[in-house]
Amino acid sequence: MALPPKWYQFLVSVFASLGSLLYGYDLGVIAQVIASQSFDSYFNSPTDNETGAVVSVFTGGAFFGAFLAGPAGDKLGRKWTIFMGALIFCLGGALQTAAQNMAYLYSGRAIAGLGVGVLVMIVPLYQAELAHPSIRGRVTALQQFMLGVGALAAAWISYGTYVGFSPDDNRQWRVSLVIQIVPAAILAALILLFPESPRWLIDHGKPEEGLRTLAQLHSHGNESDPWVVAEYNQIQEAITYEHEHEAKSYSELFSDRSSFRRLFLACSIQASIQMTGVSAIQYYSVTIYGEMGIEGDDTLKYQAISSVIALIAQFLCILFIDYTGRRWPLILGNIGNMITFIIATILLAKFPPGASGNTSASWGFIVITWIYNFSFSATCGPLSWIIPAEIFDTKTRSMGVAIATMVSFGFNTMIGQVTKPAMTSVGWRYYILFIVCNLTNAIFFWAILPETAKRPLEEMNYLFKHAPLFIPSMKRTDYATHDLERRVEEVEAKQSMNDHVEIKM
C-alpha cells in the first residue's frame, strides 16, 4: 500500500533533517569533550581561551557555510548542496576525532562548522519547497526537532563515554566525536535518491522533471491530478514572471521593497531568537550546577533532562503549528520567555548560588531554566526556521535564507563570547537585557509580522506587496488570493467536462 502523499513528504523531510541533527549533536557533545579529564590531559590543560576557541570556531565556520550554501543551492540544486554539506561535515568530524594537537582540532571544528552551516541553511528551504502548504509548518519545524534529537543523543552518549572510559583513556572524548560522522555519512550516501525541489527544477529549465516530481510528491505519480496541474501552472507562471520582471540577481533582495521587507523580517527573527537569551541561560545553568555542588556525571544527567523537555516541546510544535499559525506562537513564546527570565533574575539577585547557601532557590532557578526551555522550544526555536524558509520567492529564497542563517550564527557567536565576562562583571543584571529583549520581540512581531501559515509559496509575493508594514490585527485570511484553490477548481471542472463529453460520445 502506497504512503499517503503528505506522509511521503514528511518522511523525506525527516531524512533531510539529519543535517539538523548534526548541528544539535555537535553543539551538545563539545561541552563534554572539553570537560573530559582525558581531553584535558592529552592537550596539556588548555587555557580558557583555547577551549573557548574550540567552541566558537565551529559557529564561525557555520557562518561561512551558510553563505556558501546560498549560491550553491541555486547553482547545484538543493539535493547536491545537502550532499556537499554532509561530505564537508564528515571530513571535519574525522579531523576532530583524529586530532593530535589543538591546531588539528581547530581545523576539524572549522570544517565541521562549514558543513553544518550549509546543511542548517539548505535543509529547511528544501523541506518548504517539497511540502504541501497545509503541512509546511510541521515539516520545517523538523529542523528544530532534530536539533533537539541531536542534543539529546549527545547528552546521553556523552554520559556513557564519560562514565564508561577511564580518565586516562582518550576514547572518553574521541568516541563521542566519531559517532557524529555516522548520520552525516548516511545523509550523503542516500540524499541523491530522494526528489529534487520541483521549484528548482522548473526554475532551471526542467519543467517536465518538475511536473513528475510534483506528481510523485502529491499524487503517487499522477500528473493529471488537479492539485498537481494547478500547482505546476502556478509555479511556472510565478517563475516566468520573476525571470521577466524581477529578482534578476541577489541585489533584488535589497533593491526591491517587497524582497527587502522579507529579508529584514527573516534576519530580525533570527537575531531575535538569540536575544531571547537561549544561549546565555544554557551557558550559565552549567555554572549554577557547579556552584550547587552538582558536578561530573550528575551535570550531564540534568542537561539530558533539559534536552528531553525541549524535545517534547518541539514535538508539540510539529503537531500544532499549522493550526495555530505563526504570529501568535511567536508573540506568546517571547512573552513566556520574558516571564521565566523575570523569575530567574529575581532568584539570582536574592539568592546567589554558592553564596546564599539556599539550595532551594538554586533548584528553583534550574526548574525555571527547564520551563524556559519548554517555552522557547515550543515556539521561537522552530519558528526561526519555518518563517524564513517560506516567505521568499523562488529566485531569492536561497540567498535570503542564507543571509538570515548567517545572522543567526553571528548573533550566536556574539552571545557566546560576551556571556561569561558579562556574568562575571555585572552578575544577575545581565539577565535584564533578555527580559527587555523578549518584551520588545513580542511587541515588534505583533506589529509587523504577517500571518504566513498555509499560504502557497507562490502567493507570498502578493502578501508582502499588499499587506501594510504595520499589521497588528491581521487575520489568517487577510491578503489571501486563494489562487491555488481557484486553479484546482478550474482543472477539476475542465476534467469533469471532458469526461462528460467522452461519455456522450
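Helices (H or I, at least four residues) and strands (E, at least two) are DSSP runs, numbered from the N terminus. The model is predicted: local features need pLDDT of at least 70, side-chain atom pairs count only at pLDDT 80 or more, and totals for chains, interfaces and linings use all residues. Residues are numbered from 1 along each chain as its sequence is written, and side-chain values use heavy atoms, with hydrogens and water left out.

**Exercise 1. Describe the chain as a whole.**

Task: State how many helices and strands the chain has, and test its radius of gyration against the globule rule.

Solution.
- Step 1. Count the elements. There are 24 helices and zero strands.
- Step 2. Apply the rule. The radius of gyration is taken over C-alpha atoms, and the globule rule is 2.2 Å times the number of residues to the power 0.38. For 505 residues, a compact globule would have a radius near 23 Å; the chain has 24 Å, which agrees.
- Step 3. Take the spans. Along its principal axes the C-alpha trace covers about 90 × 50 × 45 Å.

**Exercise 2. Look at burial, surface, contacts and charge.**

Task: Find what share of the residues is buried, and how far apart the mean positions of the charges are.

Solution.
- Step 1. Set the cut-offs. Buried means under 20% relative accessible area, exposed over 50%, and partly exposed in between (1.4 Å probe, protein chains only). Of the 505 residues, 57% count as buried.
- Step 2. Take the surface. Areas come from the Shrake-Rupley method with a 1.4 Å probe; for residues, only the protein chains shown count as cover. The chain has an accessible surface of about 20100 Å², and carbon and sulfur atoms hold 66% of that.
- Step 3. Check the contacts (heavy atoms within 4.5 Å). Among those between residues at least 6 apart in sequence, 81% join residues at least 24 apart.
- Step 4. Place the charges. Lys and Arg count as positive and Asp and Glu as negative; His and the chain ends are not counted. Each place is NZ of Lys, CZ of Arg, CG of Asp or CD of Glu. The mean positions of the 33 positive and 39 negative charges are 4 Å apart.

**Exercise 3. Examine the aromatic pairs.**

Task: How many aromatic pairs does a search of the whole structure find? Which parts does the pair of Phe264 and Phe444 tie together?

Solution.
- Step 1. Define a pair. Rings of Phe, Tyr and Trp (its six-membered ring) pair if their centres lie within 6.5 Å; planes under 30 degrees apart count as stacked, over 60 as edge-to-face and the rest as tilted. The search finds 22 pairs.
- Step 2. Start with Phe63 and Phe64. Their rings are 5.3 Å apart, centre to centre, with 85° between the planes, an edge-to-face pair. Phe63 is partly exposed at 27%, and Phe64 is exposed at 53%.
- Step 3. Move to Phe264 and Phe444. Their centres are 6.2 Å apart and their planes lie at 70°, so this pair is edge-to-face. Phe264 lies in helix α15 (residues 257-274) and Phe444 in helix α22 (residues 430-448), so the pair ties together parts that are 180 residues apart in sequence.
- Step 4. Read their exposure. Phe264 is partly exposed at 42%. Phe444 is partly exposed at 31%.
- Step 5. Find a cluster. Ring pairs link Phe341, Phe365, Tyr372, Phe376, Tyr430, Tyr431 and Phe434.

**Exercise 4. Trace Lys6 and Ile432 across the fold.**

Task: Which residues does Lys6 contact, leaving aside its neighbours within four places in sequence? How far is Ile432 from Thr345 in space, C-alpha to C-alpha?

Solution.
- Step 1. Locate Lys6. This residue sits in helix α1 (residues 5-16) and is partly exposed at 38%.
- Step 2. List its contacts. With those neighbours set aside, Lys6 touches His132, Ser134 and Ile135. The C-alpha atoms of Lys6 and Ile135 are 7.6 Å apart, although 129 residues separate them along the chain.
- Step 3. Turn to Ile432. Its place is in helix α22, and its relative accessibility is 37%, partly exposed. Ile432 and Thr345 are 87 residues apart in sequence and 7.2 Å apart in space, C-alpha to C-alpha.

**Exercise 5. Check two phi angles.**

Task: Where are Asn44 and Lys454 found, and what phi does each have?

Solution.
- Step 1. Recall the background. Most residues other than glycine have a negative phi.
- Step 2. Take Asn44. Its phi is positive, about 60°, although Asn44 is not a glycine. Asn44 lies in the loop between α3 (37-42) and α4 (48-75) and is exposed at 66%.
- Step 3. Take Lys454. Its phi is positive, about 65°. Lys454 lies in the loop between α22 and α23 (460-466) and is partly exposed at 34%.
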